[in-house]
Amino acid sequence: MRIVCPHCGGKAVITSRQTHTPTAADLYCQCRNTMGCGASFVYTLALKHVINPPVAITAQLAMAVIKALPAGERAKLGDLWGD
Ligand SMILES: [Zn+2]
């Protein structure tokens, strides 16, 4: 992960991390532009949203939907896949 200093735009590094939850943490950063800046700051790293769920969850959701269908509708699905 590339960290950019919010003050000078130079490269910065993560010096430590404080994890709050499995999907959120504070990243303690130090600007590497020691002669012109040298700022230290904290970025928050957090999961925003899931684009594609894990395959196992997708399969569980699909099975739940299929099981909720009336028997006649489930039979039509089998016809679609050649079963
Ligand atoms: Zn800087």
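**Notebook: aromatic pair, zinc site and strands**

I looked up tyrosine 43 to begin with; its relative accessible area is 33%, so I entered this residue as partly exposed. I note that the model is a predicted one.

I then searched the whole structure for aromatic pairs and recorded one. The pair consists of phenylalanine 41 and tyrosine 43, with ring centres 5.6 Å apart and planes at 90°, and I therefore classed the contact as edge-to-face. I also looked up phenylalanine 41, which counts as buried because its relative accessibility is 11%.

Next I turned to the zinc ion. I listed its ligand atoms as the SG atoms of Cys5, Cys8, Cys31 and Cys37, at 2.3 to 2.4 Å. Along the sequence I read the donor spacing as C-x2-C-x22-C-x5-C. I entered the arrangement as tetrahedral because the four donor atoms subtend angles of 99 to 115°, and tetrahedral angles must all lie between 85 and 135 degrees. Of the ligands I checked two for accessibility: cysteine 31 is buried at 0%, whereas cysteine 37 is partly exposed at 28%.

Last, I examined the strands. I found β1 (residues 3-4) antiparallel to β2 (residues 11-21), joined by two bridges, with valine 4 opposite lysine 11 of β2. These two strands form a hairpin with six residues between them, and in the turn I noted a positive phi of about 80° at glycine 9.

I found β2 also paired with β3 (residues 24-31), again antiparallel, over eight bridges. Here serine 16 faces tyrosine 28 of β3, and I recorded two residues between the strands of this hairpin.

Key: Residues numbered from 1 in each chain as written. Predicted model: local features only at pLDDT ≥ 70, side-chain atom pairs only at ≥ 80, totals over all residues. Heavy atoms only, no water. Phe/Tyr/Trp six-rings, centres within 6.5 Å; stacked < 30°, edge-to-face > 60°. Buried < 20%, exposed > 50% of the residue type's maximum accessible area, 1.4 Å probe, protein only. Donors = N, O, S within 2.8 Å, 3.2 Å for Na, K, Ca; no water. Tetrahedral: all angles 85-135°; square planar, octahedral: opposite > 155°, others 65-115°. Pairing = 2+ DSSP bridges. Helix = DSSP H or I, 4+ residues; strand = E, 2+ residues; numbered from the N terminus.
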